[in-house]
Amino acid sequence: QKAFSQIMGAERLSALGQMAAGVAHEINNPLGGILLYSNLVLEDMDEQDPRRENMEKIIYQTNRCKEIVQNLLDFSRTPSGEMIPLDINAVIHTSIDLIKDQPQFSQLTIATDLAPGLPQVSGDRLRLEEVFLNLLTNAADALQGTGTITIQTAPAGDNLIEILVADDGPGIDESFLPHIFEPFFSTKEPGVGTGLGLSITYSIIRNHNGSIRAQSKPGQGTCFTILLPAYVS
């Protein structure tokens with residue numbers, strides 16, 4: 001029954017991805033037109049024109065819509081970069097370096113326990129970095145300024161590499177867990193994020209022939225477990 005539910009969940013997410021791609025393509029062109037003509041109108045306005053502020057707000061919100069559309073396209077897209085042998089520990093270190101100096105991480109501890117000598121994985125480096133950036137950002141949002149994020153790697157059975165990304169934050173209600181990888185599902189306050197980070201993360205891992213699951217209980221933090229196949233030459 002559990003395996004059947006997992007298969008149905010994967011098929012549902014796949015269908016959502018295809019639908020999202022179709023909707024995104026239809027919306028992208030009108031948004032581009034709105035941006036083009038809004039910028040033309042803005043350029044013709046005098047610096048002291050009281051309507052400039054409203055026009056700038058239109059442009060800002062349209063750009064935000066385009067960002068959401070791009071995330072939808074990313075959710076449905078297979079990796080476009082070259083799939084090459086990668087040291088997953090190096091990918092994790094790079095991801096941490098990219099994000100650790102951002103303000104929301106200033107009071108957080110990022111602890112790593114990365115097993116040496118792991119087999120390489122076959123992957124698109126930029127997309128895998130995106131996975132860890134998404135998970136780290138989600139953890140930082142959950143911690144709200146204080147706490148610890150822990151990343152661990154280890155060999156797993158069946159020629160797999162296991163990666164754990166955990167935080168000691170407030171956790172997620174168990175009823176939400178079946179939905180967290182769905183597009184636009186979010187437990188954050190309205191207007192915070194797009195609700196697509198975990199959907200994109202799920203899609204990237206699936207496209208790398210891997211799996212991802214979440215475990216969480218209120219007050220006991222959240223742990224994401226990723227399994228990726230080792231590279232076979």
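With a relative accessibility of 48%, L36 counts as partly exposed, because the partly exposed class lies between the buried limit of under 20% and the exposed limit of over 50%. This residue of the predicted model belongs to helix α1, which spans residues 2-44. Together with Y37 and L40, L36 makes a nonpolar surface patch of about 320 Å².

A second partly exposed residue is M83, whose relative accessibility is 35%. M83 sits in the loop that joins α2 (52-76) to β1 (84-86), and although 125 residues separate M83 from H208 in sequence, their C-alpha atoms are 8.8 Å apart in space. The two accessibility values are set side by side below.

| Residue | Relative accessibility | Class |
|---|---|---|
| L36 | 48% relative accessibility | partly exposed |
| M83 | 35% relative accessibility | partly exposed |

For the protein chain as a whole, 39% of the 233 residues count as buried. The chain holds 5 helices and 7 strands, and these elements follow one another from the N terminus in the order α-α-β-α-β-β-α-β-β-α-β-β.

Two packed helices are described by the angle between their axes and the distance between those axes. For helix α3 (residues 88-99) and helix α4 (residues 125-143), the axes come within 9 Å and cross at roughly 55°. That angle makes α3 oblique to α4, because it falls outside the ranges counted as roughly parallel (under 35 degrees), roughly perpendicular (65 to 115) and roughly antiparallel (over 145). The crossing of α3 and α4 is, in addition, right-handed.

Notes
Residues numbered from 1 in each chain as written. Predicted model: local features only at pLDDT ≥ 70, side-chain atom pairs only at ≥ 80, totals over all residues. Heavy atoms only, no water. Patch = residues over 30% accessible without salt bridge, like charges linked within 9 Å, V, L, I, M, F, W, Y side chains within 5 Å. Areas by Shrake-Rupley, 256 points an atom, 1.4 Å probe, with all protein chains shown as cover. Salt bridge = Lys/Arg side-chain N within 4 Å of Asp/Glu carboxyl O. Helix = DSSP H or I, 4+ residues; strand = E, 2+ residues; numbered from the N terminus. Buried < 20%, exposed > 50% of the residue type's maximum accessible area, 1.4 Å probe, protein only. Axes fitted to C-alpha atoms, helices over the stretch in contact; angles between N-to-C directions. Left-handed = near helix turned anticlockwise from the far one by under 90°.
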